[in-house]
Amino acid sequence: MAKRTKYPIHPDFKRWENLNPPLNRAMIPVMQGLMGLLYKQEKSTAELNVERKTISVDGGTIRALWYCPKSVSDTSPCLVVYHGGGFVLPAAPYHYSLAKEYALRAKCKVLFVDYRLAPKHPFPIAPEDCYAAYSWVISYAEELGIDPARVVVTGDSAGGQLATVVCLMAKDRGQVMPCAQMLLYPAAGNVETESVKKYTDTPMCNSKDMEKYGKLYRPDPTVGNNVYASPIEAESLEGLPPAYIETAEFDCLRDGGILYGEKLRSFGVPVELHNTEGTIHGFDIELKSGIVRECVDRRVAFLRNVLKS
């Protein structure tokens, strides 16, 4: 095994500095099965009701968790969450923890979407599932007790790409646009940046991992609308909602996220951009880190601001 570069990663994330998910085809179904069990373990608490929803999509159904703080009204704002995992791996424990924290602190209902995963379900299935889930929220807003004008989409990594792609799809298809998008170390798409060239052995995710994820997710690059796999290549981002973008320092996706933010701004989209330091891809995994807590506070402040009546 090639020796890793020693990056000056913040001590909070040091214990992850040698970790990258095994991305061979034999291990993926095992990991999907084990991590998929976490979905079933989510239960209501004294502060939060948890319901399980089934959403119709092209080719079948997907499942989703519906988090409802007991303190919110029947015309609440809503946050639609798309987890990361390279379009291949299910949600990790921290994804569920953060979804609940956003619900409680931003006083909104949360739809946590369990979209279908590659390689069994390759592109464009994931973005179509995510768009269907968003459209479901808009269509059933009254029954769900939410305000369709106050719906934010969010995601980390692959989920960040899916969140902004849902905005592009809403624009293309004449759907109600989300009022904001919150993109955490997002996969902006096919762009050869300095961070892609430099970070070939960083933990959690690096450019070699991204190449593997890409082959699993989109084995045939001629299938589907390319922009829905690489939003940074969109001709126009005009009309997309305000964005919060967060990047990690030692992350091959870092520069793509920054460039995507700059491209949004060039089309008149308000962007709040934060480049975190000493961090690695997926740094939210260390939920008790002071850096992560500061980031979560900023995200909650953004959500509270865009979700005001």
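## Exercises on a predicted model

Asp 147 and Arg 150 form a salt bridge, with their closest N and O atoms 3.0 Å apart. The model is predicted, and this pair makes a friendly warm-up for the exercises below.

**Exercise 1. Classify Asp 147 and Arg 150 as buried, partly exposed or exposed.**

Step 1. Recall the cut-offs: buried means under 20% relative accessible area, exposed means over 50%, and partly exposed lies in between.
Step 2. Asp 147 has 23% relative accessibility, so this residue counts as partly exposed.
Step 3. Arg 150 has 11%, so this residue counts as buried.

**Exercise 2. Work out which parts of the chain are tied together by the salt bridge of Asp 297 with Arg 105, and find the network around the pair.**

Step 1. Start with the distance: the closest N and O atoms of Asp 297 and Arg 105 are 2.8 Å apart.
Step 2. Place the partners. Asp 297 sits in helix α9 and Arg 105 in helix α2 (residues 93–106), so the bridge ties together parts 192 residues apart in sequence.
Step 3. Check accessibility. Asp 297 is partly exposed at 39%, and Arg 105 is partly exposed at 25%.
Step 4. Follow the shared partners: salt bridges join Glu 101, Arg 105, Arg 293 and Asp 297 into one network.

**Exercise 3. Do the same for Arg 15 and Glu 286, and say which is buried and which is exposed.**

Step 1. Arg 15 and Glu 286 form a salt bridge, with the closest N and O atoms 3.0 Å apart.
Step 2. Arg 15 belongs to the segment before α1 (27–40) and Glu 286 to the loop between β8 and α9, so the pair ties together parts 271 residues apart in sequence.
Step 3. Arg 15 is exposed, at 62% relative accessible area, whereas Glu 286 is buried, at 14%.
Step 4. For the whole model, the count comes to 18 salt bridges.

**Exercise 4. Trace the sheet from edge to edge, then place helices α5 and α9 on it.**

Step 1. Write down the order of the 8 strands in this open, mixed sheet: β1-β2-β4-β3-β5-β6-β7-β8.
Step 2. Read off the edges: β1 (48–57) and β8 (271–275) each pair on one side only.
Step 3. Add the twist, which averages 20° from one strand to the next.
Step 4. Zoom in on one pairing. Strands β6 (residues 180–184) and β7 (residues 243–247) run parallel over 4 bridges, and Met 182 has Tyr 244 of β7 as its bridge partner.
Step 5. Lay on the helices. Helix α5 (residues 158–173) crosses β3, β5 and β6, at about 145° to β5. Helix α9 (residues 290–306) lies across β3, β5, β6, β7 and β8, at about 170° to β7.

**Exercise 5. Assign a geometry to two aromatic pairs, Tyr 7 with Tyr 199 and Tyr 185 with Phe 283.**

Step 1. Planes over 60 degrees apart count as edge-to-face, under 30 as stacked, and the rest as tilted.
Step 2. The Tyr 7 and Tyr 199 rings have centres 5.5 Å apart and planes at 70°, so this pair is edge-to-face.
Step 3. Tyr 7 is buried at 10% relative accessible area, and Tyr 199 is buried at 2%.
Step 4. For Tyr 185 and Phe 283, the centres are 5.4 Å apart and the planes at 55°, so the pair is tilted. Tyr 185 is in the loop between β6 and α6, and Phe 283 in the loop between β8 and α9, 98 residues apart.
Step 5. Tyr 185 and Phe 283 are both buried.
Step 6. Finally, Tyr 7 and Tyr 199 form one aromatic cluster with Phe 250.

Conventions. Residues are numbered from 1 along each chain as its sequence is written. This is a predicted model: local features need pLDDT of at least 70, side-chain atom pairs count only at pLDDT 80 or more; totals for chains, interfaces and linings use all residues. Side-chain values use heavy atoms; hydrogens and water are left out. Two strands pair if DSSP finds at least two bridges between them. Helices (H or I, at least four residues) and strands (E, at least two) are DSSP runs, numbered from the N terminus. Axes are lines fitted to C-alpha atoms, for helices over the stretch in contact, and angles run from 0 to 180 degrees between N-to-C directions. Contact means heavy atoms within 4.5 Å. A salt bridge is a side-chain nitrogen of Lys or Arg within 4 Å of a carboxyl oxygen of Asp or Glu. Buried means under 20% relative accessible area, exposed over 50%, partly exposed in between (1.4 Å probe, protein chains only). Rings of Phe, Tyr and Trp (its six-membered ring) pair if their centres lie within 6.5 Å; planes under 30 degrees apart count as stacked, over 60 as edge-to-face and the rest as tilted.
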